[in-house]
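Hi everyone, thanks for making the time. I'd like to walk you through a small piece of structural reading today, so please have a look at the screen.

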Amino acid sequence: MAQRLRHSTLILPLDEGVDNQAVDRHMKLWTDEGWSLQHFSTTADPRNHSFHFIWTRPA
């Protein structure tokens with residue numbers, strides 16, 4: 001069965017700490033639309049914390 005693939009990124013300022021509610025809201029937006037999380041990773045630079053997501057759902 002064919003799958004649709006999408007990427008999303010959430011970037012938050014490091015000086016505010018990790019906002020778990022913002023991450024939860026981002027994930028809820030995607031799952032409410034029928035997407036399934038396939039991969040999650042994070043990176044940080046001196047100013048920002050980036051959350052990277054890969055989503056799939058049936059085509």
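Let's begin with one side chain, Trp35: at 9% relative accessibility, this tryptophan counts as buried. Before I go on, please keep in mind that this is a predicted model.

So what does Trp35 pair with? Its partner is Trp30, and the two rings sit edge-to-face, 5.6 Å from centre to centre with 70° between the planes. Trp30 counts as buried too, at 19% relative accessibility. That is just inside the category, because buried means under 20%.

Trp30 has another ring partner, Trp55. Here the ring centres are 5.3 Å apart and the planes are at 5°, so this pair is stacked. Where do the two residues come from? Trp30 belongs to helix 1 and Trp55 to strand 3, residues 48-58, so the pair ties together parts that are 25 residues apart in sequence. Trp55 is buried, just as Trp30 is.

And how many aromatic pairs does the structure hold? Five. Ring pairs link up a cluster made of Trp30, Trp35, Phe40, Phe51, Phe53 and Trp55.

Now let me step back to the fold. The chain has one helix and three strands, and reading from the N terminus the elements go β-α-β-β. The strands make an open sheet in the order 1-3-2, with antiparallel pairing. Strand 1 (3-13) and strand 2 (36-44) are the edge strands, each pairing on one side only. From one strand to the next, the twist averages 15°.

As a general reminder, the strands of a sheet pair through backbone hydrogen bonds, either parallel or antiparallel. In our model, strand 1 and strand 3 run antiparallel and are joined by 11 bridges. One pairing to remember is Ser8 with Phe53, its bridge partner in strand 3.

And the helix? Helix 1 packs on the sheet and touches strand 1, strand 2 and strand 3, with its direction at about 160° to that of strand 1.

A nice place to look at that packing is His26, which is found in helix 1. Is His26 buried or exposed? It counts as buried, with 13% relative accessibility. The side chains of His26 and Ser8 are joined by a polar contact of 2.9 Å. If we leave aside neighbours within four places in sequence, His26 is in contact with Ser8, Thr9, Leu10 and Phe53. So Ser8 and Phe53, the bridge partners from a moment ago, both turn up among the contacts of His26.

Let's finish with charge. There is one salt bridge by the rule used here: Lys28 with Asp32, where the closest N and O atoms are 2.6 Å apart. Why can these two reach each other along the helix? They are four residues apart in helix 1 (residues 20-32), which puts about one helical turn between them. Lys28 is partly exposed, with a relative accessible area of 49%, while Asp32 counts as exposed at 52%. Those labels differ because the line for exposed is drawn at over 50%.

Last, a few whole-chain numbers. The C-alpha trace spans about 45 × 20 × 10 Å along its principal axes. Of the 59 residues, 24% count as buried. And among contacts between residues at least 6 apart in sequence, 60% join residues at least 24 apart.

Thanks, and I'm happy to go back to any of these residues on the screen.

Definitions and conventions:
Residues numbered from 1 in each chain as written. Predicted model: local features only at pLDDT ≥ 70, side-chain atom pairs only at ≥ 80, totals over all residues. Heavy atoms only, no water. Salt bridge = Lys/Arg side-chain N within 4 Å of Asp/Glu carboxyl O. Helix = DSSP H or I, 4+ residues; strand = E, 2+ residues; numbered from the N terminus. Buried < 20%, exposed > 50% of the residue type's maximum accessible area, 1.4 Å probe, protein only. Phe/Tyr/Trp six-rings, centres within 6.5 Å; stacked < 30°, edge-to-face > 60°. Pairing = 2+ DSSP bridges. Axes fitted to C-alpha atoms, helices over the stretch in contact; angles between N-to-C directions. Contact = heavy atoms within 4.5 Å. Polar contact = N/O pair within 3.5 Å; in protein donor to acceptor, adjacent residues only side chain to side chain.
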